Amino acid sequence: QQGNAEDHAASEALTWLADLPHDPLDCSAADFDELTEELARLSLRLQHDTVDMCNANWNDFKKGLENVEALEQELISARFVCVKGRESLGRARMQLEESNVAAQFRNKQVLQEVCVVMSQLKEAVDREDRAREALSVRHPDYSLARLLCEESKQHLMLLSGGGDSSSISH
């Protein structure tokens, strides 16, 4: 409704201005005075309409400005969170890389230990195989078989940490 009143006032001013003579010097003094009074009245009316429009829209402008300020604060907070998140992710990445290096080193150590165990087992099995061969011939060599079994037993004891030899049976 306010927009219609403003449109009406503007169209009325345009109509009145269209009816004015092109050269103000062609007007009589009375017409000139009437013209200045009408212009003053229109100017005052337009000024009041502008003030009314500004007053009517001031709350909307103020709310919009408050929204912009709130968004600005949220963006500042979001930037802070992003910076802290980026730093945390960087630290986590570094820790992960360090733990991967440590895990790889530990895996290498475990594999080396397993290789030692496997070598000892292979030696023990080789000695037992040779002892079986010494016993499976036509003339068994009991002393060689016994010596090979003792060596096999020593390899197995190294694996068990030097435990009681009676706990290992053949």
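Before you click on anything, one definition: helices here are DSSP runs of at least four residues, numbered from the N terminus. With that in hand, Arg127, a residue we'll come back to, can be placed in helix H2. Also keep in mind that you're looking at a predicted model.

**Stop 1: the whole chain**

Start with everything in cartoon view. You should find three helices and zero strands, and reading from the N terminus the order is α-α-α. Now switch on the surface. The accessible area comes to about 13,900 Å², and carbon and sulfur atoms account for 58% of that. How many of the 170 residues count as buried? Just 9% of them do. As for contacts in the chain with a separation of 6 or more, 51% are between residues 24 or more positions apart.

**Stop 2: the start of helix H2**

Select residues 29–136, which is helix H2. Then pick out Asp31, Asp33, Glu34 and Glu37 and show their side chains: together they make a negative surface patch. Zoom in on Asp31, which sits in helix H2. Is Asp31 buried or exposed? Somewhere in between: its relative accessible area is 42%, so it goes down as partly exposed.

**Stop 3: a nonpolar patch**

Stay on the surface view and select Val110, Val114, Val117, Met118 and Leu121. These five form a nonpolar patch, with about 370 Å² of accessible area together. Click on Val117 as a sample. Val117 belongs to helix H2, and with a relative accessibility of 37% it counts as partly exposed.

**Stop 4: charge pairs along H2**

Time to show side chains as sticks. Side chains of opposite charge can pair when their charged atoms come close. The whole structure has eight salt bridges, and here are some to look at.

- Lys122 and Asp126: draw a distance between the side chains and look for 3.1 Å, N to O, in this salt bridge. The two are four residues apart in helix H2, so about one helical turn lies between them. Asp126 is partly exposed, at 28% relative accessibility.
- Glu128 and Arg132: this salt bridge spans 4.0 Å, N to O. Here again the partners are four residues apart in helix H2, which puts about one helical turn between them. Glu128 has a relative accessible area of 22% and is partly exposed.
- Asp129 and Arg132: keep Arg132 selected and add Asp129, because Arg132 also forms a salt bridge with this residue, with the closest N and O atoms 3.3 Å apart. Both lie in helix H2, three residues apart, about one turn of the helix. Asp129 comes out as partly exposed, with a relative accessible area of 34%.Next, add Glu123, Arg127 and Glu151, which are joined into one network by salt bridges that share partners.

**Stop 5: Arg127 up close**

Now centre the view on Arg127, back in helix H2. Is Arg127 buried or exposed? Buried means under 20% relative accessible area, and Arg127 is at 17%, so it counts as buried. Which residues is Arg127 in contact with, leaving aside neighbours within four places in sequence? Select Leu148, Glu151, Ser152 and His155 to see them. Glu151 is worth a second look, as it also belongs to the salt-bridge network with Arg127 and Glu123.

**Stop 6: Val125 and Lys153**

For the last stop, click on Val125, found in helix H2. At 43% relative accessibility, Val125 is partly exposed. Then select Lys153 and draw a line from C-alpha to C-alpha: the distance is 9.9 Å, although Val125 and Lys153 are 28 residues apart in sequence.

Notes. Residues numbered from 1 in each chain as written. Predicted model: local features only at pLDDT ≥ 70, side-chain atom pairs only at ≥ 80, totals over all residues. Heavy atoms only, no water. Patch = residues over 30% accessible without salt bridge, like charges linked within 9 Å, V, L, I, M, F, W, Y side chains within 5 Å. Areas by Shrake-Rupley, 256 points an atom, 1.4 Å probe, with all protein chains shown as cover. Lys, Arg positive; Asp, Glu negative; His and termini not counted. Charge placed at Lys NZ, Arg CZ, Asp CG, Glu CD. Buried < 20%, exposed > 50% of the residue type's maximum accessible area, 1.4 Å probe, protein only. Contact = heavy atoms within 4.5 Å.
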